[in-house]
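The following questions and answers introduce a structure to a reader who has not met it before. Please keep the sequence and the model in view while reading.

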Amino acid sequence: MKYLILLTLFMTFQACSSCKRPQAKAPNLLFIMMDDLGYGHFGPNNIALTVEDFNPWFVRLVKENQDYSPEQALAFSKSATPTMSRLASEGILFTNAFTSSNLCAPSRLGIATGMQQNRLGVYRNLDCEARGLDQVSHLAEVLQDMGYATAHIGKWHIGQRDEKILNNLVDSLGLDMQLDRWGNLRQDPEVYRAFMNSGYLGSVIDEHNPLQNGFDYYYGYNYWASQFYNSTLVWENYTHAGKQPGYNTDFFTDKALEFIKSSQVKDQPFYVQLHYHAVHDSLEPKAPEMYYNQFGSESYDLNNFYAHVFAVDVNIKRILDYLGSVNQLENTLIVFTSDNGGQVGGPSVLPGNAPFSGQKGSYLLGGMRVPFFCYWPGGILKAKQLDNLVSTLDILPTLIDAAEGVVPDSIDGKSLLSLLRGENDETVHDYLLWTGIHSRTWGFMKESVIEPSARERSQAPYAWVVVKDGYILRHVGKIVPGLYKDLPDGSPPATRLYKFLDDPAEIMDVSEEMPEILKSMRDIYRKESADFPPPYYIGVDKWNEIISY
């Protein structure tokens, strides 16, 4: 089945190569994505949010370990995004949007292909890093074939790293490391410095490079994070860029503007993916003073987190100002989202993913709900908020449709164009579903972990989730004894149902009250997952446990 899907995708993309080229009025397309920005961090989502909606566990940890109040955090979340808040209010804000995975690499693979990544055997970062991207599967290829100037700038993280770089480094240093080479390299400061300066961590093999997957230009890194300042992980096209100058939010925007300006000189419509590093690992180092000084609490952590958010907002305004100066803003469709729920409680701050529980890495709603809006002055005639069930899988199909291209019909993503234009209020997805690791290690829930984080990730259960009609059904596999403080004896597999429209924190299990809904949603999972291949790299045993439920 997997090979049939890939063959269908290949044939569809080949057919698209003969699609008509864009006319002079073809819209410019800009896809902005932040890293680990929580639903509650995003001001436009916070209009009705109160501190009573915050996760009490997270609030308690803040009171015990940090020096800011929930009220301050809520105020900063509302004030840190003046530009994005305006765009969301003048465009379409999707208030019921889900990401394609609770972790960044699978999420980005799903977004790139419009394909639910579980169908490709990808369930967690390690799967995606080992497997990478299939040729002619990135939807940007449709736009490139239509004549768009295409660029990816920032985080890539959907390809294999180039092991030749690491092997050559080991050989050049006269080292003999067959096992745990990364750990051994870190033991010697000089060796580690050479390792970091090699560009290996941010590298990508040619087959998975953006230049061979629908993009004319690439400036970014193929890793889970990058240094905010003077990064040595960044590559430009096929070449290691050495040391990226300055603060990466500013510099990534510089690169995006350079590309946009060059496309305007050529009178060519552009498609730019601008995928910022912020706010991954955002509390260190300090944001530039021009951003940091906007926030005046007594808490360095609180000020600094929202300074990094504000930096993105200011840089988006730079792009808007340029587009306005060349009369292209009306004709530019901008999509904004986050790759997954916030990594809250560790490097992040309140409100986190409020009003939802959980965080990145978990299959609670907080791991999957994301900010999502579209702004298009020339295409969106009436601004509104929509609660239609949508997914980040829908982003590239929407952009292709807006460009009058052909959206492959073999993918899971759907075009939202009719919603943007107000032509109808149709259902986009009857349901969404996910399968993957259900881990506490990426956020405040790790406070309950007994084992170190690496052990927790190897022992954490897998889970599957179905969302439909305002309900979420979640099945979690067996939790082994000695993993979590609140479950010292472990826990058997469990299935629970929540009505998240009324209970966003997932407090009241309604399984016994609504057995028919539980059964119908479980049947959806069984039907959809029947052809899911096992994990590409790791976790087959835990996947087998839940896939057969």
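Q: In this predicted model, does Y537 count as buried or exposed?
A: The relative accessibility of Y537 is 53%. A residue is classed as exposed over 50%. Because its value lies on that side of the cut-off, Y537 counts as exposed.

Q: Which residues make the nonpolar surface patch of about 380 Å²?
A: Y537 lies in the loop between α17 (515-529) and α18 (540-547). This residue belongs to the patch of about 380 Å². The full membership is L126, Y536, Y537 and I538.

Q: Which strands are the edge strands of the open sheet of 4 strands?
A: The order in this sheet is β13-β14-β15-β16, and the pairing is antiparallel. An edge strand here pairs on one side only. The edge strands are β13 (432-437) and β16 (494-499).

Q: What is the average twist from one strand to the next in that sheet?
A: The sheet in question has 4 strands with antiparallel pairing. From one strand to the next, the twist averages 15°.

Q: What is the bridge partner of L433 in β14?
A: β13 pairs with strand β14 (residues 462-468) in the antiparallel sense, over 6 bridges. Within β14, the partner of L433 is V466.

Q: At about what angle does α18 run to β14?
A: Helix α17 packs on this sheet, touching β13, β14, β15 (471-476) and β16, and its direction makes about 115° with that of β14. Helix α18 lies across β13, β14 and β15. Its angle to β14 is about 40°.

Q: Why is one side of β7 and of β11 left without a neighbour in the sheet?
A: The open sheet of 10 strands has mixed pairing and the order β7-β6-β5-β4-β8-β1-β9-β10-β2-β11. β7 (239-240) and β11 (384-386) stand at its edges. One side of each has no neighbour because each has a single partner strand.

Q: How many residues of strand β4 (residues 149-155) are buried?
A: β4 is joined to strand β8 (residues 270-275) by 6 bridges, and the two run parallel. β4 also pairs with strand β5 (residues 217-221) in the parallel sense, over 5 bridges. The strand is mostly covered, and its buried residues number 7 of 7.

Q: Which residue of β5 stands opposite I153?
A: On the β8 side, G154 of β4 has H275 as its bridge partner. On the β5 side, I153 stands opposite Y219.

Q: Which residues of strand β10 (residues 372-375) point the other way from F372 and C374?
A: β10 runs antiparallel to strand β9 (residues 332-338), with 4 bridges joining them, and F372 is the bridge partner of T337. Strand β2 (residues 92-94) also runs antiparallel to β10, with 2 bridges, and C374 is the partner of I92. F372 and C374 point one way, and the residues that point the other way, also buried, are F373 and Y375.

Q: Why is helix α14 (residues 395-402) largely enclosed by the rest of the structure?
A: The buried residues of α14 are I395, L396, P397, T398, L399, I400 and A402. After the helix comes E404, whose phi is positive, near 65°. α14 is largely enclosed because its buried residues number 7 of the 8.

Terms used: Residues are numbered from 1 along each chain as its sequence is written. This is a predicted model: local features need pLDDT of at least 70, side-chain atom pairs count only at pLDDT 80 or more; totals for chains, interfaces and linings use all residues. Side-chain values use heavy atoms; hydrogens and water are left out. Buried means under 20% relative accessible area, exposed over 50%, partly exposed in between (1.4 Å probe, protein chains only). Two strands pair if DSSP finds at least two bridges between them. Patches are made of residues with over 30% relative accessible area and no salt bridge: like charges are joined within 9 Å, nonpolar side chains (Val, Leu, Ile, Met, Phe, Trp, Tyr) within 5 Å. Accessible areas come from the Shrake-Rupley method with a 1.4 Å probe; for residues, only the protein chains shown count as cover. A salt bridge is a side-chain nitrogen of Lys or Arg within 4 Å of a carboxyl oxygen of Asp or Glu. Axes are lines fitted to C-alpha atoms, for helices over the stretch in contact, and angles run from 0 to 180 degrees between N-to-C directions. Contact means heavy atoms within 4.5 Å.
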